[in-house]
Amino acid sequence: MRNYIVVAESIRARIFSSQTNLGPLTEINDLVNPAGRLHERDLDTDRPGRSQSSGGNNHALGKDDVTKNHEAVTFARDIAAYLEDERVKNNFDALVLVGSPHFLGVLRKSLSNNCKKMVVKSFDKDLVHATVDEIHAHIVN
């Protein structure tokens with residue numbers, strides 16, 4: 001049984017394969033979302049509005065992270081499309097997902113129904129910057 005292990009966050013996804021559940025991991029792809037590293041002000045061309053308090057002080061109005069969240073959703077869809085393509089090619093039999101809690105939820109929602117059925121484990125932990133050995137130790141325990 002060939003497993004794919006996806007270790008992801010909003011700016012990077014590392015894809016590993018393993019021939020067995022406890023076998024060594026081989027990194028097969030490293031997907032990067034350059035927009036995920038940008039600050040909100042760099043993603044949106046509009047400057048935040050300004051407000052003046054009764055004391056005469058100017059304040060920038062707060063803004064939701066809508067644009068940054070949109071970039072994370074777009075990246076999750078890219079990962080999901082990659083996985084669906086790999087599934088169609090019969091490149092894996094089971095899928096393990098590892099990700100930061102928020103992004104893991106976004107990624108799960110983006111997966112096709114067929115890929116969702118292949119998920120055998122998931123871990124809400126940000127390990128994208130961990131070594132291969134650290135990732136392996138976490139998913140086999």
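**Figure 1. Helices H2 and H3 cross in a right-handed sense.** The model shown here and in the other views is predicted. H2 and H3 pack at an angle of about 50 degrees. Their axes lie 8 Å apart. That angle makes H2 oblique to H3, because the oblique class takes in angles that are not under 35 degrees, over 145, or from 65 to 115. On the H2 side, the residues in the interface are Asn69, Ala72, Val73, Phe75, Ala76, Arg77, Ile79 and Ala80. They meet His102, Phe103, Val106, Leu107 and Ser110 of H3.

**Figure 2. H3 lies across strands E1, E6 and E7.** The helix runs at about 145 degrees to E6. H3 covers residues 101-110. Strand E6 covers residues 94-99.

**Figure 3. Five strands form an open sheet.** Their order is E3-E2-E1-E6-E7. The pairing is mixed. E3 (26-32) and E7 (119-123) stand at the edges. Each has a single partner strand, so one side of each lacks a neighbour in the sheet. On average, neighbouring strands are turned by 15 degrees against each other, direction ignored.

**Figure 4. E1 and E2 pair antiparallel.** They are joined by 6 bridges. In general, strands of a sheet pair through backbone hydrogen bonds. Across this pair, Tyr4 stands opposite Ser17 of E2.

**Figure 5. Ser17 sits in strand E2.** Is Ser17 buried or exposed? Its relative accessibility is 6%, so Ser17 counts as buried; the cut-off for buried is under 20%. Beyond its neighbours within four places in sequence, Ser17 is in contact with Arg2, Asn3, Tyr4 and Ile5. Pro24, Leu25, Thr26 and Ile28 also contact Ser17.

**Figure 6. Glu9 lies in the loop between E1 and E2.** With a relative accessible area of 10%, Glu9 is buried. Which residues does Glu9 touch, not counting those up to four places away in sequence? They are Phe75, Ser100, Phe103, Asp126, Val128 and His129.

**Figure 7. The largest nonpolar core has 23 residues.** Val6, Ile79, Leu83, Leu95 and Phe103 have the most contacts inside this core. Two or more residues come from each of strands E1 (3-8), E2 (12-18) and E6 (94-99). Helices H2 (66-88), H3 (101-110) and H4 (113-118) each do likewise. H2 gives the most, with 8 residues. In soluble globular proteins, nonpolar side chains tend to be buried together.

**Figure 8. Val6 touches residues from several parts of the chain.** Not counting residues up to four places away in sequence, Val6 touches Arg14 and Ile15. Ile79 and Leu83 are also among the residues Val6 touches. So are Leu95, Val96, Leu97, Val98 and Leu107.

**Figure 9. A second, separate core has 12 residues.** Among them are Val7, Leu25, Phe123 and Ile135.

**Figure 10. The whole chain gives the setting for the close-ups.** The secondary structure comes to 5 helices and 7 strands. Along the sequence, the pattern is β-β-β-α-β-β-α-β-α-α-β-α. The chain has 141 residues, of which 39% count as buried. Among contacts between residues at least 6 apart in sequence, 58% join residues at least 24 apart.

Methods
Residues numbered from 1 in each chain as written. Predicted model: local features only at pLDDT ≥ 70, side-chain atom pairs only at ≥ 80, totals over all residues. Heavy atoms only, no water. Core = buried A, V, L, I, M, F, W, Y, C linked by side-chain atoms within 4.5 Å. Buried < 20%, exposed > 50% of the residue type's maximum accessible area, 1.4 Å probe, protein only. Helix = DSSP H or I, 4+ residues; strand = E, 2+ residues; numbered from the N terminus. Contact = heavy atoms within 4.5 Å. Pairing = 2+ DSSP bridges. Axes fitted to C-alpha atoms, helices over the stretch in contact; angles between N-to-C directions. Left-handed = near helix turned anticlockwise from the far one by under 90°.
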